[in-house]
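Open the model in your viewer and keep the selection tool at hand. This tour moves from stop to stop, saying what to select and what is there.

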Amino acid sequence: MAGLTSTGNPPLPGSTPPATAAMPGLTSAARSPLAGLTSPATAAMAGFTSTARAPLLGLGLTSPAASAMAGLTSTAAVPAATLTSAPITTTAVAVPPKLQLIRSDRGAHLFSSSDDKAVMKQILATHSPDGRDIDARSLLRLVEDILQRATPTVVVTPQTHLELLDDGVHHIDVVGMLEALAHTIHRISCEITCKCSGGGDAHATTMVLFNALSSYTWDAKVVISLAAFAVSYGEFWLTAQLHTVNPLAKSVALLKQLPDILENTDALKPRFDALNNLIKAMLDVTKCIIQFKDLPSDYISPEIPDMANALTHIPTAVYWIIRSVIACASQMISLIGLGHEHISATTEAWELSSLAHKLRNIHEHFMKQLELLYRYIGEKKHVEAFQTLVRLFEMVHIDNMKILKALISSKDELPLLDGATKKRASVDVLRRKIVILFVSDLDISAEELFVLIQIYSDTHQGKNERSYEVVWLPVTDRHFPWDSAKEETFNRMASTMPWYSLRHPSLLEPAVLRYLREIWHFDKRPLMVVLDPQGKVVCPNALHMMWIWGSLAFPFTSNREEALWKNETWRLEFLVDEIDPALLGWIQEGRHVCLYGGDNIEWIRQFTTAMRKVSQEARVPLEMVYVGKSISKDRQKRAIAAIEKEKLSRYWQDPVMVWFFWVRLESMWHSKLQHGRTVEEDEIMREVVTMLTFDSGDEGWAVLSRGSLEMVKAPGRKMVECLGQFDSWKGNVETEGLVQALKNALIPFKTAEHCNRLILPGDIGRITEQVVCAECGRPMDKFVLYRCCND
């Protein structure tokens, strides 16, 4: 191929390939011979190069100041108008095409010579934009449409219907722009055709176009050059495609001898394929250049290193695109009247392929830069959106729409799914209503969801209009891909909820997710954030008061929670609530009731046997109920099986009852902590922590109560030891009662050596207070426990 270097890359701009110079009648490397070439040596000379010539290198960025043209030689310093294909005498060595490609892939660099700076300086000197701005994207869309429809393939018959062009190109602004550019595009097209037909040097022709387009921006230079090429390219292939069905096209094709090309399409396939690949590469790089220009100036400035890097290399990319336009135009002109003896020549394809390879390297580099810049923009937008959300919650609003739309519907007009009708809904259905945002991941237990639905139904039972609305905001980890299993889980959960749900987890913006985690402290455990009709947060998490008081906690504000606590005392009714109606009846009747828990079967046998013996000897009727353990469900099931088989005591058959008992205890601790209460100053807080300490142990615990007046509790080992010495204190039962006698008897069993542990639920980072030991009152050491599941 004329002028192809040993690397398989295009020739050095401003220089003439030695092999070409040595062959009379051969043109520069940027074009194929015109019609009428008969010298057999033309094809034979493809792949020859000078031994002294530096290879063209790929996209390795070594000289930022140059942003330079790959492989530019010292002749580049000569003004563009004087650059010619002067003959050079040199020794040529044939290099197989395959070896050329191998060499071109090794350690390629875009800039290789200090002379590149001179040529780059020459190119930059032509750049003098006058401030005019064109819609490069719309013009490129029209150009791309032409180039895609004019793809040189096997001859096709016209379609029976006309395809409509994108309406965007018919917009009045676009039409006006095209009218203003029509003359420039025509002039550039004529310049390209004239220079390529006359055998001009490719670099010199490229510089002529740079001078002609000096007043335009870099992206405009490229798109106008592509438009100029598209005009002649489209006309060429329009004639070729219609010559079999249109008399006018047939005559023109005959005059240009185009039928010969179409009859030998298979022979020309390598050249056509190379042409298509190069056109695609030109369009890809051009799109990148336009993307750089369209980056929002509010987030990106030229001083940003990645942007500065891209701006430095854009002139280089513009040069090689225009240089490729010249090469493509030369190839098309060379097809006119091409003789049968050259119809199968494939050497011309090598030049196009090498240019395409270079542009692909540039495109790859630009895509990496764009990826970094888009990531930078995304981070800036994320910070901006987060700060906007923070400010919104600090402001006073007339309704809750701004808040809810910022949280829920920034992109979707119907982001909600109505749990009652299963139809999509807008955020407007929540206007001026109390809204509870149910924030959770997809790992909600069936028990948790069941109880929440019960509370929701109880609150609205018998009412025509709901007094508040709940919206589920499903939070997912974006670091893990969304798959069909997660989709199925989400759909199943949403279908069971009677309230509103976000239509899909992807609708939660990153800034909203950050707000949920950083401001509302969401971390796996569900939240119920309550907003008043104006969108103000009136309770950061109402879930705890829902577990404790159910629908009685409505309207679920922090003030309501505080008022409910003021009316509460630590008693067995409060501990059990309505979980077991039979147990509440026993308490009201003044019976002795014993609750015990743990999952150590041996301890359970020892305790129930000792407790039954004391009850019989003291002649005090007693009801014992096993309430399980907050974790270790499998061991708990085995314990219940043993209790049932050996008839050791009563137990709760429904696992939801056991789960809810412990969740209420955890919720009491959370609620107290949320209101700033401590163990030292709050009796209920102290009793709750004690119960949670018991549950964290390895053995068991027990609470004995008579009615609502008396209560005593102790960890398992101490309780069994004290009951085992009943003979020493049974005399006090008749005067003090069983509960008080047991409480006094437990006092001597306090030992200096003990080790209690407390597993507190939730975020340990929010626990600022000291937690004291339930046994001795001393501060406990703090550790961190990570636990995967409850089994």
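Select helix α25 with strands β13 and β14. In this predicted model, α25 lies across β13 and β14. Its direction runs at about 40 degrees to that of β14.

Stay on α25 and pick T690, which sits in this helix. Is T690 buried or exposed? Its relative accessibility is 10%, so T690 counts as buried. Now add A714 to the selection. T690 and A714 are 24 residues apart along the chain, and their C-alpha atoms are separated by 9.2 Å.

**The sheet**

Show the strands next. Five of them make an open sheet, in the order β12-β11-β10-β13-β14. The pairing in this sheet is mixed. Which strands are at the edges? They are β12 (650-651) and β14 (710-715), each pairing on one side only.

Now bring in helix α21, residues 581-588. This helix packs on the sheet and touches β10, β11 and β12. The direction of α21 makes about 140 degrees with that of β10.

Zoom in on β13, residues 700-706, beside β14. These two strands run antiparallel and are joined by 6 bridges. For a landmark, label S705: it stands opposite M711 in β14.

Move to β10, residues 592-598. Its partner β11 covers residues 622-626. Here the strands run parallel, with 5 bridges between them. Label C594 and find M624 of β11 opposite. In general, strands of a sheet pair through backbone hydrogen bonds, either parallel or antiparallel.

Keep β10 selected and colour by accessibility. How many of the 7 residues of β10 are buried? The count is 7 of 7, so the strand is largely enclosed by the rest of the structure. Turn the view to check both faces, as each is covered. One side carries H592, C594, Y596 and G598. The other carries V593, L595 and G597.

**A helix pair**

Return to α25, residues 683-696, and add α24, residues 655-674. Two packed helices are described by the angle between their axes and the distance between the axes. For α24 and α25 the angle is about 135 degrees, and the axes are 10 Å apart. The two helices are therefore oblique to each other. Look along the contact: α24 passes α25 in a left-handed crossing.

Show side chains at this contact. Which residues of α24 meet α25? They are W662, L665, E666, M668, W669, K672 and L673. From α25 come I684, M685, V688, V689, M691, L692 and D695. Colour the contact residues by type: 11 are nonpolar, none is polar and 3 are charged.

**A buried threonine**

Jump to T286 in helix α11, residues 269-294. At 1% relative accessibility, T286 counts as buried. What does T286 touch, leaving out residues up to four places away in sequence? Its contacts are L140, V222, V223, L226 and I321. Select these five together with T286 to see the surroundings.

**Backbone stops**

The last selections are about backbone geometry. Most residues other than glycine have a negative phi, and most peptide bonds are trans.

Select F554 and P555. The peptide bond from F554 to P555 is cis, with omega near 10 degrees. P555 is in the loop between α18 (543-549) and α19 (558-566).

Next, K422. This residue has a positive phi of about 60 degrees, although it is not a glycine. Find K422 in the loop between β3 (416-417) and β4 (424-425). With a relative accessible area of 38%, K422 is partly exposed.

Then go to H521. Its phi is also positive, about 60 degrees, and H521 is not a glycine. H521 lies in the loop between α17 (510-518) and β8 (527-531). Its relative accessible area is 37%, so H521 is partly exposed.

**Zoom out**

Show the whole chain again. The protein has 28 helices and 14 strands. Of its 791 residues, 51% are buried. Among contacts with a separation of 6 or more, 77% join residues 24 or more positions apart.

Note on methods:
Residues are numbered from 1 along each chain as its sequence is written. This is a predicted model: local features need pLDDT of at least 70, side-chain atom pairs count only at pLDDT 80 or more; totals for chains, interfaces and linings use all residues. Side-chain values use heavy atoms; hydrogens and water are left out. Axes are lines fitted to C-alpha atoms, for helices over the stretch in contact, and angles run from 0 to 180 degrees between N-to-C directions. Helices (H or I, at least four residues) and strands (E, at least two) are DSSP runs, numbered from the N terminus. Angles under 35 degrees count as roughly parallel, over 145 as roughly antiparallel, 65 to 115 as roughly perpendicular and the rest as oblique. A crossing is left-handed if the near helix is turned anticlockwise from the far one by less than a right angle, and right-handed if clockwise. Contact means heavy atoms within 4.5 Å. Ala, Val, Leu, Ile, Met, Phe, Trp, Tyr, Cys and Pro count as nonpolar, Asp, Glu, Lys and Arg as charged, and the others, Gly among them, as polar. Buried means under 20% relative accessible area, exposed over 50%, partly exposed in between (1.4 Å probe, protein chains only). Two strands pair if DSSP finds at least two bridges between them.
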